[in-house]
Structures are given as C-alpha cells and as structure tokens.
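Student: I'm new to this one, so could you show me the structure and let me ask how each label is earned?
Tutor: Sure, have a look first.

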Amino acid sequence: MSGAGMAGMAGVGGAGAGAGGASTSPMCKTTPQTLKEAGACSGRLIGTALAASHLNEAQYQTTAKEFSYATPENEMKWGSVEPSQGAFNWTAADQIVSFAKTNGMKVKGHNLVWHSQLPGWVSGLGTADQVRSAMVNHITQVMGHYKGNSTVVAWDVVNEAWENDGSKLRDSPFSSKLGTGFIDEAFKAARAADSSVKLYYNDFRADGMNAKANSIYAMVKSMVERGIPIDGVGLQMHTGTPNPPSTPADVLQNLQRITALGLEVVISEMDSHVCDGLTSADQKQYYHDIVAACVAVPMCTAITFWGASDKYSWLNSFNETNCAGKDPSGCLWDANWMKKPAYNGVLDALQGK
Ligand code: G3I
C-alpha cells in the first residue's frame, strides 16, 4: 500500500486532540517522551499486549513503560484461566495485572467468551443449559476475581463472534447451543458480575466500512436500543494479508458511526505487517493515519498495539500472511528493540501533528 490512499487524513488529529477527555493528566507533557505521555494529553490510554513469560526481561519492561494500558495476550483466555471446569488458575493473569499496577498501567481483560483457545470440556458440554451455566459461571468468576481492583477497567466480553464475511455468527459451542442470544446473555452476566468496568465487543477485519463492520454495527445498535449493557466496540486492526487494510477515511467513518450510538470505540490490537509490499514509510503513514482517525473522534478512548516489539510478535508464527521467509515487521519496535519510523508516526498523530 502507498500513502496515497490516505490523502486527507494527515493532520486530522489536530481537530480532535484534547477532545477525548481531561487534558490535566500529570502524564501529559509539553514535549511527550513516550506514547503514554502523548496519549494522556487528549485523555487516551495507549496500550500494548503483554505476555507474562517475558515480564522479567529488562528490555521488555523498559518498553512496556511506554504504555498506559495493557491487554494480556493469552493469559486471561478461557483455556488459560479455567482449563478444567470450575478449576481456575490465575497465576499468569495475576502476574500481568500486578506488573501493570506496579507500572501505573490500566488493564483490559481479554477475553471472556471466544470460540478459540477454548478448552475441550466446553465444546463437550451437551445441552444449552450446561453451556449457559458454564458461560455465566466463567464470566462471573473471572470478572469477580478482579472486581474492585482499580487496575482492570474493561473487558472484552465477547470476542470475534462474526464470520469473516459478516454473513452470520461463527459456529461455536455458544452460538450452536444458545443461538444468537448468547451475546446478549454474556453481556448481561458481565454487567451483573461487575457494574464498574467497561464492557466491549471485540473483533477483527471490521475496522472500516465493510460487510462485517456493517453486521457488527447493526448488532451493537440493536443491543443499545434493547438496553443490553454494552459500553464499547474494539476494532482490532490487524492489517495485511489475510486482513485487507481499511482506508483511514473508512476507519474514521466507522469510528464515527459507532460512537454516534453513544458507545466508546477502541483500536484494540493494532499491527500492520509489511509482507504485502509496504515500505517502512508506508507503514509509518498508515499507523499515523489510523491513530489520527482515533484522535479525531472524542469517544475513541484507547489505542492498543498487539505487542511492542517484532521480537515477540504473534505474526512471526501466523502462517496465513504472505510473510513466508520474510520478517512481518508489524510492530512499532524492531526485533532489536529499536523504534521504527512507525513509532514516530504514532507519536506525531497522538499530538495532532
Ligand atoms: O503456551 C503454549 C506452549 O506451552 C506450547 O509449547 C506452544 C506450542 O505451540 O504453544 C503455546 O501456546 C501458544 C500461545 O499463543 C502462547 O504462546 C499457542 O499455541 C498459540 O496458538 C497462541 O497464539 C495466540 C493466538 O491469539 C491464539 O489464537 C497469540 O499468541 C496471540 O497473539 C493471539 O492473539 C489474538 C487475540 O487474542 C484475538 N485477536 C487476534 C489475535 C491474533 O491472532
């Protein structure tokens, strides 16, 4: 992709900088030195995915301190937390929350109900009542474990429920046993478990104005109209084959229509690999323009990157890209922990430049 398709977006951040919330955060500096400082000036959290297995590495720790928000990359998923029915293992998840707390970061819990990384016992449940009971118990126990902890401020309640083409919900133990109503049920259980945290629906390949984004928009609009307790939508923003990048103009339009419903929106898992031919200048421009789109929308409250360094990116082992034999290079820091041009694109956009 060239930067040409992004015409009109450069500088869009200027309109929104400061609109996202208080500009009095002590983290807001005249000349921001970190992403979190730049984000604080417009009241936005700037996040990264964290993996517990790397938290003791010095360079990993240093880079994590660039961020004000963390999403556990795998440690809060169903298979990690409740591998056997009713037997919960909090060790790795608690390590992330503790690290975040120590470093002044907030955490978005990820995730409660997802078809993937689901232990076999859930798929083996035979009746709708059993699935409902397991789902509600899982939500209640996991959210309850972190309830009252001022660090965990939001949850991805339902993750990636839609098929890639947006034509229908994916087949999963939840959709097949409970029908489409499982999403409403999950959000109701989440609100009952903790009324003080934000509840999100999170999905990928729905960043711009496409069929899947339309389906998700229609779903959350209906949820709002019916009083189902949802606070926001996470647009993941993993871009590059197999996920075609949306133009920043389309992303802006999608952010605007979702927030017009009274919902928050967050960029929840951004990385943009270069294996389809992006130069590092293109990558910098794309990162800049997507972040600028968020900064232009007052209710776009957080931007999370899916890992900081290429060294540990999930893209390195994802085989549906065009990256065979190449470095996906989708993150803001390279594999040697050097900041890439894309980092400066993000820093600029966060300051409305
Ligand atoms: O922990 C085991 C380890 O014990 C084992 O030896 C090893 C062998 O394969 O696997 C390890 O588990 C892997 C896990 O990551 C932790 O490294 C899984 O195989 C691997 O599938 C898993 O991948 C994660 C993927 O979600 C699973 O779907 C990625 O790290 C994680 O970045 C990715 O994150 C997802 C978001 O949750 C949702 N949105 C898309 C995003 C990217 O796929």
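Student: What makes the pairing of the ligand with the side chain of Q236 a polar contact?
Tutor: A nitrogen atom of the ligand sits 3.0 Å from an N or O atom in the Q236 side chain. A polar contact is a pair of N or O atoms within 3.5 Å (within protein, one must be able to donate a hydrogen and the other to accept it, and residues adjacent in sequence count only if both atoms are side-chain atoms), so this pair qualifies. Keep in mind that this is a predicted model, where local features need pLDDT of at least 70, side-chain atom pairs count only at pLDDT 80 or more, and totals for chains, interfaces and linings use all residues. Residues are numbered from 1 along each chain as its sequence is written, and side-chain values use heavy atoms, with hydrogens and water left out.

Student: Which distances do E73 and W306 have to the ligand?
Tutor: For E73, an N or O atom of the side chain is 2.4 Å from a ligand oxygen. W306 has a polar side-chain atom 3.0 Å from an oxygen atom of the ligand. Taken alone, the ligand exposes 790 Å², and the protein buries 45% of that (Shrake-Rupley method, 1.4 Å probe; for residues, only the protein chains shown count as cover).

Student: Why is T151 called buried?
Tutor: Its relative accessibility is 3%. Buried means under 20% relative accessible area, exposed over 50%, partly exposed in between (1.4 Å probe, protein chains only), so T151 counts as buried. T151 is in the loop between α7 (128–146) and β4 (152–159); helices (H or I, at least four residues) and strands (E, at least two) are DSSP runs, numbered from the N terminus. Leaving out residues up to four places away in sequence, T151 touches V97, A100, K101, M105, K106 and V107, where contact means heavy atoms within 4.5 Å.

Student: What makes helix α13 mostly covered?
Tutor: Seven of the 10 residues in α13 (residues 341–350) are buried, among them Y343, V346 and L350. Their cover includes α2 (35–40), β1 (45–50), α12 (280–295) and β9 (300–305).

Student: How do you know that the whole chain is compact?
Tutor: The protein chain has 13 helices and nine strands. Its radius of gyration is 19 Å, close to the 20 Å that the globule rule gives for 353 residues, so the chain is as compact as a globular protein of that length. That radius is taken over C-alpha atoms, and the rule is 2.2 Å times the number of residues to the power 0.38.
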